[in-house]
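Me: I am new to this structure. Please take a close look at one part of it, the nonpolar core, and then show me what else belongs in the picture.

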Amino acid sequence: MWNDVVDLREFYASRSGQVARHLIRHGIRQLWPDLRSQAVLGLGFATPYLRQFRDEAERLIAVMPAAQGVVHWPPEGPYVTCLADETELPLPDYSVNRVLLVHAVESGDYLRDMLQEVWRVMTSDGRLLVVVPNRRGIWARLERTPFGHGHPYSPAQLSRLLRENSFTPTRSARALYIPPTRSPWLLRSAAAWERMGQTWFPRFAGVHLVEAGKQLYAASPRRAAERRRRPLVVPVSRPLSAYQGERPRRANRIRIVEAPSGRTPR
């Protein structure tokens with residue numbers, strides 16, 4: 001079930017949401033340090049993390065699912081957001097180089113169809129980056145944040161999901177080690193929490209970030225001998241109607257055989 005866009009906007013406007021955005025944005029930048037001359041698509045509620053690419057990407061699009069709702073973004077310039085069905089993206093095949101999924105995989109009602117659409121619009125060398133709540137993290141256990149809704153994932157579950165939908169995980173990262181608190185004192189120490197979490201308890205991060213590429217399979221060509229074989233119909237001396245009431249002799253039955261091209265059966 002999708003989070004409402006109003007609730008998502010209010011969370012990221014809060015102090016804890018701003019801290020979460022800063023920490024996750026840092027993890028995204030580590031995996032994608034340079035997106036110059038790239039077409040970037042954000043699906044779900046990815047606008048809090050797309051701003052860092054506005055002056056860098058060649059093209060930037062934010063698609064918000066119809067069941068979630070849409071907000072205008074960015075407020076200070078031409079809007080790049082649209083409302084669409086996540087299983088029917090209004091984009092041509094092989095049109096984007098990077099796809100960022102945030103608040104999407106854990107909430108999608110038709111997850112496999114959505115991932116198939118993402119696969120369709122990505123270029124052959126494109127990259128997908130998925131941000132999902134960690135099943136072991138504290139953020140997935142509290143419903144007052146959007147990370148506490150939907151289906152959290154472990155690294156193995158997320159990797160299996162991507163592989164089953166024709167993606168190959170390539171790199172991963174973790175972020176958001178600070179507890180989901182509203183205390184100003186704890187929020188000010190978010191950077192220290194991040195360093196301590198990555199060193200001492202990396203499994204309890206708030207979110208997983210997994211990058212994946214497309215799986216491209218080559219078709220298996222038919223062997224030359226199989227291509228030469230073709231069905232042949234052997235004519236009979238009498239029409240089929242002549243055999244009514246009579247058991248046809250073995251030699252006069254219709255036979256369908258296969259023979260290499262250029263040869264006729266004996």
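Reply: Contact here means heavy atoms within 4.5 Å. Keep that cut-off in mind for L209. The model is predicted.

Start with L209 itself. Leaving aside residues up to four places away in sequence, L209 touches I24, G27, I28 and L31. L209 also touches L129, V130 and V131. R171, S172, A173, R174 and A175 complete its list of contacts.

Now step back to the largest nonpolar core, which has 38 residues. L209 is among the members that touch the most other members. I24, I28, L50, L100, F147 and L176 share that standing.

Which elements give two or more residues to this core? Three helices do: α1 (5–13), α2 (15–31) and α3 (47–50). The strands are β2 (59–65), β4 (96–102), β5 (122–133), β6 (167–175) and β7 (207–214). α2 gives the most, with six residues. Another core lies apart from this one. That other core has 30 residues, including L91, L128, V132 and L158.

Next comes open space. The largest pocket has a volume of about 270 Å³. Its lining is made of 13 residues. R9, R21, F45, T47 and W73 lie nearest its centre. α1, α2 and α3 each give two or more residues to the lining. The largest share, three residues, comes from α1. By class, the lining has seven nonpolar, two polar and four charged residues.

Technical notes. Residues numbered from 1 in each chain as written. Predicted model: local features only at pLDDT ≥ 70, side-chain atom pairs only at ≥ 80, totals over all residues. Heavy atoms only, no water. Core = buried A, V, L, I, M, F, W, Y, C linked by side-chain atoms within 4.5 Å. Buried < 20%, exposed > 50% of the residue type's maximum accessible area, 1.4 Å probe, protein only. Helix = DSSP H or I, 4+ residues; strand = E, 2+ residues; numbered from the N terminus. 1 Å grid on protein atoms, 1.4 Å probe; cavity = no way out; pocket = protein on both sides within 12 Å on 5 of 7 lines; lining within 4 Å. Points joined across faces, edges and corners; volume = space filled by probe spheres on them. Nonpolar A, V, L, I, M, F, W, Y, C, P; charged D, E, K, R; others polar.
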